[in-house]
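Here is a short report on a structure with several chains. Look at the model first, then read on.

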Amino acid sequence: MNVGIRGRRLLRLATSEQAAAIALIIPSLLAVGVFVYGFIGWSAFVSVSRWDSVRPDYTFVGLDNFRDLFENFRFQIDIRNTVVFTVLFVVACLTLGFVLASLLDRRIVGESVFRSIYLFPMAVSFIVTGVVWRWLLAPSAGVNILPTKVGLRALGYGWYTDPSVTYVHSDSRLGEALHAAGLGFLANPNYGVPLAMISVVIAATWQMSGFVMVMYLAGLRAIPEELREAARVDGATETQVLRHISLPLLRPVTLSAMIILGHQSLKIFDLVISMSRRGPGFATDVPALFMFETTFQGNHFSHGAAISIVMLAAVSVLVIPYLYWSLRREARL
Amino acid sequence: MTVHWSRIAIYAVLIVFAALYLMPIYVLLVTGLKSFGEVRLDQMWDLPSRLRFDSFREAYNSLDSNLANSFKMVIPATLISCMVGSINGYVLTKWRFPGSNVVFFLLLYGMFIPYQSVLIPLVKTLQALHVYGSLWGLVVTHVIYGIPITTLIFRNYYANVPTELVEAAKIDGASIFGIYRRIVFPLSLPGFVVVAIWQFTSIWNDFLFAVTVTSNPAIQPATVALNNMAGSFIVEWNVQMAGALITALPTLVVYILLGRFFVRGLMAGALSS
Amino acid sequence: MSRTLKLLPAMMALIVLAALATGCGGGGGTATATPGRTVTAAAGGTATPAALSGKLEIFSWWTTGGEAAGLKALYDLYPTACPGTVEIVNATVAGGGGANARQVLTTRMLGNDPPGSFQVHMGHELTDTWVTANYMEPLDSLFTQQGWNSVFPKGVLDIVSYQGKPYSVPVNIHRANVLWYNKAVFQANGLQPPTTFDDFFAAADALKAKGITPLALGDVDAFASVQLMETVLLGSLGADGYNGLWTGATDWNSAKVTDALNTFKKMLGYVNSDHSSLSWDQANDLVISGKAAMTIMGDWLHADNKAKKFTDSGWVPSPGTSGMYDALSDTFGLPKSAPNRDAVVCWLKVVGSKKGQEAFNPLKGSICARTDCDASLFDDYLQSAMNDWKKDTIVPSLAHGAAVKQGWLTNVSDAVTAFVADKNAGTLQSRLADACKSATVCK
């Protein structure tokens with residue numbers, strides 16, 4: 001009886017508290033509804049309009065703007081650049097972050113000093129990072145002339161001024177193999193790696209790898225030492241401990257880091273604009289920069305909106321599966 | 001003995017990386033201490049002929065009121081962001097309701113919107129709210145676009161706060177707000193530190209929203225003033241670099257002071273679901 | 001407890017919207033009602049106008065050096081010319097040669113929050129962006145009243161006008177087609193400054209053989225390579241042929257254009273290899289240090305030389321462009337629904353006045369748009385430019401918004417950026433022809 005009353009009270013409580021919970025989330029939902037989804041909707045609307053000067057023109061033109069966009073040589077280059085940048089940046093940050101974290105996890109004297117040094121670039125804005133690295137990687141200065149300070153010859157790297165794109169040439173052996181496999185279209189600069197982009201990756205990695213290091217460090221610390229100790233007692237080498245115990249347990253950290261890095265790289269703008277801008281032959285151009293210029297320099301508002309819709313679509317392809325996966329996994333736990 | 005050598009190797013690697021990470025700061029500092037005539041790309045590694053703080057003084061003089069504006073905007077925005085994120089994370093972990101995962105997804109997806117594409121509707125919306133052109137307009141903008149990341153961090157963080165604690169309190173008849181105040185909030189410090197650091201840094205360093213929302217130089221944040229120190233044609237790099245360092249100082253201090261708590265917060269589960 | 005519950009949503013709303021309650025003091029809704037047209041006439045001439053008050057916001061990308069000093073000189077003239085208590089708000093956004101400023105301006109104009117007046121390049125950057133879209137007021141009565149129709153050259157009046165009415169007041173003139181050279185380097189190698197393309201390439205070969213970079217280029221900002229191409233087009237096609245490119249009279253697919261683009265390509269063979277990492281003024285550093293011999297850049301470079309105390313600089317019109325003045329100008333206009341219209345109109349009078357232009361231009365390092373400025377106020381280069389300005393054929397600059405509308409220019413600039421890396425003149429020509437087509441000037 002007592003239990004029944006208590007249960008009913010709990011139930012009533014639950015519903016009214018549930019309502020309160022929903023009420024608590026509603027302001028955020030409303031704000032995001034307007035500032036994110038409302039504005040996405042606005043962009044989508046503009047992206048199918050004829051708006052091509054500062055005077056809005058909402059005449060419906062279907063998917064014309066998207067067709068123009070995918071035929072645009074600059075946009076094709078931008079897609080390649082984004083893919084190259086994202087892959088290199090994420091891999092570099094994860095690798096460097098993990099290496100530094102696992103080194104710091106070995107009872108290092110002065111750990112907090114090292115940690116602060118690796119982490120502090122994150123406090124600097126991308127704009128400042130871009131300006132400094134623009135100097136550091138200038139062909140006739142910076143890193144290139146550093147060896148001359150100890151009597152060696154200057155390096156001759158072009159860094160972000162190097163317009164060359166490394167790709168599979170059609171007449172190379174690999175190119176012929178691709179053609180034979182029906183993948184001949186891959187032997188094309190549009191599927192290559194623009195060397196100048198590597199400089200931007202270096203700067204971005206300088207800024208973000210410390211953050212990944214801290215995430216991994218936190219992850220490593222959360223793994224019970226007994227687990228690793230037990231493995232060592234069983235005769236596992238350090239590499240084996242790493243491969244079979246630490247790395248699998250760090251997978252959630254890796255995924256979170258990938259999402260944070262990935263969304264930064266897809267939206268990257270400040271760093272590029274203050275470091276190399278478009279780069280030689282658009283070698284460091286990115287969609288956000290193209291959108292900014294086509295909208296606010298060229299007044300091609302509908303094209304700009306189309307770029308942002310494509311960028312969002314690209315992000316969704318990456319993020320929705322991840323969110324689906326992580327929410328499902330949570331539900332199973 | 002072998003152990004000894006491997007320790008030395010580890011330290012050597014750590015020190016080499018530390019030097020690499022500090023290299024850009026060395027350039028910033030050395031250039032800031034030079035006179036305009038000494039600033040040359042091919043002499044960037046050289047120390048200044050003599051110490052002079054003129055560039056720092058000049059940079060500070062043109063930035064001081066803007067630094068104050070930045071603080072006036074960043075502090076409330078960070079605090080409100082923390083509160084909003086904390087409450088969202090709390091509700092989404094401890095008071096799940098049908099569709100709460102969908103709500104979480106909808107909130108999170110906002111993280112991926114390219115900000116350059118929202119500027120025009122943003123201005124119109126802020127005008128409708130009568131906050132366009134003011135620091136409060138920036139606060140509103142940053143709080144709203146901060147909802148995804150702050151909610152994500154707190155949701156991950158609270159997922160590791162034992163649900164039994166909350167359930168027990170529910171059975172004892174505590175209200176949703178009472179549980180938050182008495183149980184969840186006191187446990188939240190590490191989460192708050194992570195969110196505060198994240199938001200403080202990104203809001204402080206923002207340029208795009210700042211330049212779009214505030215056009216009156218009297219209220220513009222420091223990043224806009226810093227950008228204006230670079231002329232359209234001639235850039236005084238020494239003053240520019242000094243200004244960049246001054247502008248980065250508050251965030252650097254935050255990182256150095258709170259770095260330890262940052263790691264603790266991350267260990268406690270923020271950011272790793 | 002239920003009371004607490006009811007309060008909760010309100011409290012949350014309070015947290016999120018705390019800003020709104022206190023934030024009303026900001027800008028935004030302070031639009032002043034537009035007074036009647038008669039005000040323009042009443043406030044005219046030297047007669048003491050009714051005292052002006054309120055705020056006057058002037059929007060520009062002039063933040064440092066001579067340009068900021070020149071702008072301040074104009075502000076200093078304002079209280080005497082326009083009695084009253086007007087407070088000038090100096091709204092500046094630097095960066096990217098006006099790129100950031102244009103973003104902010106566009107966003108504000110579309111949000112119906114125009115500044116009092118804004119800096120804009122004369123020509124299509126103003127007309128095709130703001131005038132045709134009906135954002136600006138015509139200034140014909142102001143021009144007549146101030147007698148400006150006779151003090152500005154006809155070439156300029158044509159460029160600032162749309163359908164016969166002027167829409168902005170030019171404050172200065174810069175010249176884009178100038179070849180700057182290091183006199184010492186030229187002397188040491190027994191060279192004369194080149195005036196034709198043949199001379200240029202002969203000199204360039206001689207310099208290259210000595211290990212000196214013939215032509216310094218810094219195109220981290222895309223305008224520099226576009227501007228270089230524009231001087232080559234002008235030098236190859238002549239003033240009429242060049243002007244025809246922007247009206248459809250000159251065929252972009254013609255052999256003449258092919259020749260010009262090949263000349264451009266050949267020129268790029270003589271530039272410094274790190275050009276895409278340098279700004280134009282860093283390229284000028286190469287000339288100053290003698291590592292490079294020449295650079296083709298607008299005459300704002302002269303102010304850079306002066307700031308860097310480099311006196312050994314010589315100048316000639318870029319190859320093939322003697323007698324042609326490839327002009328660009330900063331102008332100010334009157335947005336419809338500009339707050340405090342009377343104060344803005346008076347600002348325009350200051351900008352267009354002899355006093356204003358004589359105060360501004362020596363500091364900025366440009367010449368007056370007016371033809372009656374006192375030459376003794378200007379240095380040697382500017383005096384020579386003033387001479388040329390009076391007798392040369394004036395043509396509009398492509399890279400600086402005078403010749404074509406913004407949408408066309410961005411397409412040209414994209415094509416040139418690609419070309420500078422891949423050096424494919426055929427592709428460049430067809431992309432330039434396409435750009436003209438999509439601007440609906442060519443068929």
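Which residue in strand 10 of chain C does C:Y181 stand opposite? The residue opposite C:Y181 is C:M294. Keep in mind that this is a predicted model.

**A sheet in chain C**

The pair just named belongs to a junction between two strands. Strand 8 (residues 178-182) and strand 10 (residues 292-297) of chain C run antiparallel, and 4 bridges join them. Both strands sit in an open sheet of 4 strands in chain C. The strand order is 9-10-8-11, and the pairing is mixed. Which strands stand at the edges? They are strand 9 (213-216) and strand 11 (313-317) of chain C. Each has a single partner strand, so one side of each is left without a neighbour in the sheet. On average, neighbouring strands of this sheet are turned by 25° against each other, direction ignored. Strands of a sheet pair through backbone hydrogen bonds, either parallel or antiparallel.

**Parallel strands in chain C**

Now turn to strand 1 of chain C. Strand 1 covers residues 55-60, and 5 of its 6 residues are buried, so this strand is largely enclosed by the rest of the structure. Strand 1 pairs with strand 2 (residues 87-92) of chain C in the parallel sense, over 6 bridges. Within this pair, C:K55 stands opposite C:E87. How does the chain get from strand 1 to strand 2, and is the β-α-β crossover right-handed or left-handed? The chain passes through helix 3 (residues 65-81) of chain C, and the crossover is right-handed.

Strand 1 of chain C also runs parallel to strand 3 (residues 117-121) of chain C. These two strands are joined by 2 bridges. Here C:F59 has C:F118 as its bridge partner.

**Two asparagines with positive phi**

Two asparagines in chain C deserve a look. C:N134 is not a glycine, yet its phi is positive, at about 70°. C:N340, also a residue other than glycine, has a positive phi near 60°. Where do they lie, and are they buried or exposed? C:N134 is found in the loop between helix 5 (124-131) and helix 6 (140-146) of chain C. C:N134 has 10 other C-beta atoms within 10 Å, so it counts as exposed. C:N340 lies in the loop between strand 13 (330-333) and helix 15 (341-352) of chain C. With 22 other C-beta atoms within 10 Å, C:N340 is buried.

**Chains B and C in numbers**

The table sets out some totals for the two chains.

| Chain | Helices | Strands | Residues | Buried | Contacts joining residues at least 24 apart, among those at least 6 apart in sequence |
|---|---|---|---|---|---|
| Chain B | 11 helices | 0 strands | 273 residues | 57% | 80% |
| Chain C | 19 helices | 15 strands | 443 residues | 59% | 79% |

**Helices in chain B**

From the N terminus on, the elements of chain B run α-α-α-α-α-α-α-α-α-α-α. Along the principal axes, the C-alpha atoms of chain B fill a box of roughly 75 × 70 × 30 Å.

Take helix 10 (residues 222-229) and helix 11 (residues 237-267) of chain B. Their axes come within 9 Å and cross at roughly 170°. The two helices are therefore roughly antiparallel to each other. Which residues meet? Helix 10 of chain B brings B:A222, B:T223, B:L226 and B:M229. Helix 11 of chain B brings B:V239, B:Q240, B:G243, B:A244 and B:T247. By class, this contact has 5 nonpolar, 4 polar and no charged residues.

One residue in a loop is also worth finding. B:Y115 is found between helix 3 and helix 4 of chain B. B:Y115 has 18 other C-beta atoms within 10 Å, so it is partly exposed. Leaving aside neighbours within four places in sequence, B:Y115 is in contact with B:L208 and B:F209. B:Y115 and B:Y145 are 30 residues apart along the chain, and their C-alpha atoms are separated by 9.2 Å.

**Where chain B touches chain A**

How many residues does the contact take from each chain? It takes 65 residues from chain B and 79 residues from chain A. Several helices of chain B give two or more residues to this side, among them helix 1 (2-32), helix 2 (54-94) and helix 5 (135-159). Helix 11 of chain B gives the most, with 13 residues. By class, the side of chain B that touches chain A has 48 nonpolar, 15 polar and 2 charged residues.

Terms used. Residues numbered from 1 in each chain as written. Chains lettered and ligands numbered in written order. Predicted model: local features only at pLDDT ≥ 70, side-chain atom pairs only at ≥ 80, totals over all residues. Buried ≥ 20, exposed ≤ 12 C-beta atoms within 10 Å, placed from the backbone. Pairing = 2+ DSSP bridges. Right-handed = clockwise from strand over helix to strand, strands pointing away. Axes fitted to C-alpha atoms, helices over the stretch in contact; angles between N-to-C directions. Parallel < 35°, antiparallel > 145°, perpendicular 65-115°, else oblique. Contact = placed C-beta atoms within 7 Å. Nonpolar A, V, L, I, M, F, W, Y, C, P; charged D, E, K, R; others polar.
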